[in-house]
Amino acid sequence: QLQAFGGGLVQAGGSLSLSCAASGSTFSMYYMGWFRQAPGKERVFVAHISWSGTSTYYADSVKGRFTISRDNDKNTVSLQMNSLKSEDTAVYYCAAARRFGLTSRDYAYWGQGTLVTVSS
């Protein structure tokens, strides 16, 4: 089970940190990802981190601004978002997969989502 939190309202140019807590003893075996879904749009990939945390991958739209990290001792994955833009407004979801993936279909487990609103 995954639970995402940390969303909220932030001004453009500001920062926000999202976290996702996972239950269970196998968290360290999963690749973790963040996706987002803006109003009226499809859910899209944002960032991905390997099970060990040594490999990360970002969508071009967030590269250089967002940082994904994980703590396998605490069963958490985080997304640090800097230099936020109005187009970053979306519901953000954390997800778990058994392997590297860039699409929703690659992920078997999903959190409930947390809303990030960036005001311009």
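Strands here are DSSP runs of at least two residues, labelled E and numbered from the N terminus. With that in hand, Tyr 57 can be placed in strand E6, residues 56-58. The model on screen is predicted.

**Stop 1: Tyr 57 and its patch**

Select Tyr 57 and show the side chain. Its relative accessibility is 39%, so Tyr 57 counts as partly exposed. Now add Phe 100 and Leu 102. Together with Tyr 57, these residues make a nonpolar surface patch of about 270 Å². Switch on the surface to view the patch formed by Tyr 57, Phe 100 and Leu 102.

**Stop 2: the disulfide**

How many disulfides does the structure hold? There is one. Select Cys 20 and Cys 94 as sticks. The disulfide runs between these two residues, with an S to S distance of 2.1 Å. Look along the S-S bond of Cys 20 and Cys 94: the angle about it is 60°, and the link is right-handed.

Which strands does the pair tie together? Cys 20 sits in E3 (residues 16-22) and Cys 94 in E9 (residues 90-97), so the link connects parts that are 74 residues apart in sequence. Is Cys 20 buried or exposed? Cys 20 is buried, and Cys 94 is buried too.

**Stop 3: strand E3 and its neighbours**

Stay with Cys 20 and select the whole of E3. Five of the seven residues of E3 are buried, so the rest of the structure largely encloses this strand. In a regular strand, side chains alternate between the two faces of the sheet.

Next, colour the strands that pair with E3. Strand E1, residues 2-5, runs antiparallel to E3, and four bridges join them. Pick out Ala 4: its bridge partner in E3 is Cys 20. That cysteine is also the one bonded to Cys 94.

Then select E8, residues 76-81. Six bridges join E8 to E3, again in an antiparallel arrangement. For one point along this pairing, select Ser 17, which stands opposite Gln 80 in E8.

**Stop 4: the loops on either side of E8**

Go to the loop between strand E7 (66-71) and E8, and select Asn 75. Asn 75 is not a glycine, yet its phi is positive, near 55°. Its relative accessibility is 16%, so Asn 75 counts as buried.

Now move to the loop between E8 and E9, where Ser 83 is found. What is the phi of Ser 83? Phi of Ser 83 is about 50°, a positive value although the residue is not a glycine. Ser 83 has 40% relative accessibility and therefore counts as partly exposed.

**Stop 5: Arg 36 and Asp 88**

Select Arg 36 in strand E4, residues 31-37. Arg 36 has a relative accessible area of 10%; because buried means under 20%, Arg 36 is buried. Which side chain does Arg 36 contact? Add Asp 88: a polar contact of 2.8 Å joins the two side chains.

**Stop 6: Thr 114 and Gly 7**

Finish at strand E11, residues 114-119, and select Thr 114. With a relative accessible area of 10%, Thr 114 is buried. Add Gly 7 and display its backbone. The backbone nitrogen of Gly 7 lies 3.0 Å from a polar atom of the Thr 114 side chain.

Note on methods. Residues are numbered from 1 along each chain as its sequence is written. This is a predicted model: local features need pLDDT of at least 70, side-chain atom pairs count only at pLDDT 80 or more; totals for chains, interfaces and linings use all residues. Side-chain values use heavy atoms; hydrogens and water are left out. A disulfide is a pair of cysteine sulfur atoms within 2.5 Å. Buried means under 20% relative accessible area, exposed over 50%, partly exposed in between (1.4 Å probe, protein chains only). Patches are made of residues with over 30% relative accessible area and no salt bridge: like charges are joined within 9 Å, nonpolar side chains (Val, Leu, Ile, Met, Phe, Trp, Tyr) within 5 Å. Accessible areas come from the Shrake-Rupley method with a 1.4 Å probe; for residues, only the protein chains shown count as cover. A salt bridge is a side-chain nitrogen of Lys or Arg within 4 Å of a carboxyl oxygen of Asp or Glu. Two strands pair if DSSP finds at least two bridges between them. A polar contact is a pair of N or O atoms within 3.5 Å; within protein, one must be able to donate a hydrogen and the other to accept it, and residues adjacent in sequence count only if both atoms are side-chain atoms.
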